[in-house]
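Reader: Hi, I have a new protein to look at for class, and I would like to go through it slowly. Could you help me read it?

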Amino acid sequence: MPLTPHERELFLAEPHIGALSVDAGPGRAPLTVPIWYDYEPGGELWVLTGPQSKKMELIKAAGRFSIMAERSEPSVRYVNVEGPVTRITTATDEQHTHMVRRYLPEDKVAAYLRQAEEFGEQAVVALRPEHWYAADLGAL
């Protein structure tokens with residue numbers, strides 16, 4: 001059953017692990033990787049990635065990407081959103097901390113952030129939702 005625009009936006013705003021897909025070029029399947037993301041209904045979706053990562057290289061070349069989020073309980077539901085990149089900026093400490101708090105319990109945040117220092121600088125990549133595919137397939 002299709003989701004209404006309101007239902008799909010609320011679902012995407014929940015902290016699911018996303019699957020980011022971006023065109024990998026001629027003769028290649030899209031690069032698809034798991035990723036944390038943030039989204040507020042009606043706004044942009046954003047992710048963090050290394051500014052020199054393969055993801056970033058491909059996102060810059062393509063100018064757009066997609067994110068798919070899913071769950072299996074209490075029903076099988078998914079949302080896929082695709083659209084153009086609207087901005088790429090250097091991530092602030094506040095943005096990085098916000099993203100970690102979205103996905104981890106508070107008692108794990110400080111340790112994760114210390115470990116994440118090894119990743120180096122992070123960039124924010126924002127997407128304007130343009131195309132949506134969403135459904136609730138019902139209980140298993």
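Reader: To begin with the overall form, what radius of gyration does the protein chain have, and what would a compact globule with 140 residues have?

Author: Please keep in mind that this is a predicted model. The protein chain has a radius of gyration of 15 Å, and because a compact globule with 140 residues would have one near 14 Å, the value agrees with that expectation. Along its principal axes, the C-alpha trace spans about 45 × 45 × 25 Å, and 43% of the 140 residues count as buried.

Reader: OK, and how many helices and strands does the protein chain have?

Author: There are four helices and eight strands in the protein chain. If you follow them along the sequence, the pattern reads α-β-β-β-β-α-β-β-α-α-β-β.

Reader: I've heard about charged side chains pairing up; how many salt bridges does a search of the whole structure find?

Author: The search finds nine salt bridges. As background, side chains of opposite charge can pair when their charged atoms come close. One of the pairs is Arg-87 with Glu-44, whose closest N and O atoms are 3.1 Å apart. That pair links distant parts of the chain, since Arg-87 is in strand β6 while Glu-44 is in the loop between β3 (37-39) and β4 (45-49), 43 residues apart.

Reader: Are Arg-87 and Glu-44 buried, exposed or partly exposed?

Author: Arg-87 counts as partly exposed because its relative accessible area is 32%, and Glu-44 is also partly exposed, with 29%; the range for that label runs from 20% to 50%.

Reader: Which residues does Asp-136 form salt bridges with?

Author: Asp-136 forms a salt bridge with Arg-71, where the closest N and O atoms are 3.9 Å apart. Arg-71 lies in strand β5 and Asp-136 in strand β8, so this pair ties together parts that are 65 residues apart in sequence. Asp-136 also forms a salt bridge with Arg-77, with the closest N and O atoms 2.7 Å apart. Here Arg-77 lies in strand β6, so the pair with Asp-136 in strand β8 ties together parts that are 59 residues apart in sequence.

Reader: And why does Asp-136 count as buried?

Author: Asp-136 counts as buried because its relative accessible area is 16%, and the label applies under 20%. Both Asp-136 and Arg-77 are buried.

Reader: Which residues are linked in a network of salt bridges?

Author: The network of salt bridges links Arg-64, Glu-82, Arg-128 and Glu-130.

Reader: Changing topic to the surface, which residues gather in a patch of negative charge?

Author: That surface patch of negative charge brings together Asp-93, Glu-94, Glu-117 and Glu-118. Glu-118 is in the loop between α4 (106-116) and β7 (123-127), and it counts as exposed because its relative accessibility is 71%.

Reader: What about a nonpolar surface patch, which residues make one?

Author: Tyr-78, Tyr-133 and Leu-137 make a nonpolar surface patch of about 330 Å². Tyr-133 belongs to strand β8, which covers residues 131-138.

Reader: One last thing, which residues does a cis peptide bond join?

Author: The cis peptide bond joins Glu-73 and Pro-74, and its omega is about -5 degrees. For context, most peptide bonds are trans. Pro-74 has its place in the loop between β5 (64-71) and β6 (76-90).

Definitions and conventions
Residues numbered from 1 in each chain as written. Predicted model: local features only at pLDDT ≥ 70, side-chain atom pairs only at ≥ 80, totals over all residues. Heavy atoms only, no water. Patch = residues over 30% accessible without salt bridge, like charges linked within 9 Å, V, L, I, M, F, W, Y side chains within 5 Å. Areas by Shrake-Rupley, 256 points an atom, 1.4 Å probe, with all protein chains shown as cover. Salt bridge = Lys/Arg side-chain N within 4 Å of Asp/Glu carboxyl O. Lys, Arg positive; Asp, Glu negative; His and termini not counted. Charge placed at Lys NZ, Arg CZ, Asp CG, Glu CD. Helix = DSSP H or I, 4+ residues; strand = E, 2+ residues; numbered from the N terminus. Buried < 20%, exposed > 50% of the residue type's maximum accessible area, 1.4 Å probe, protein only. Rg over C-alpha atoms; globule rule 2.2 N^0.38 Å.
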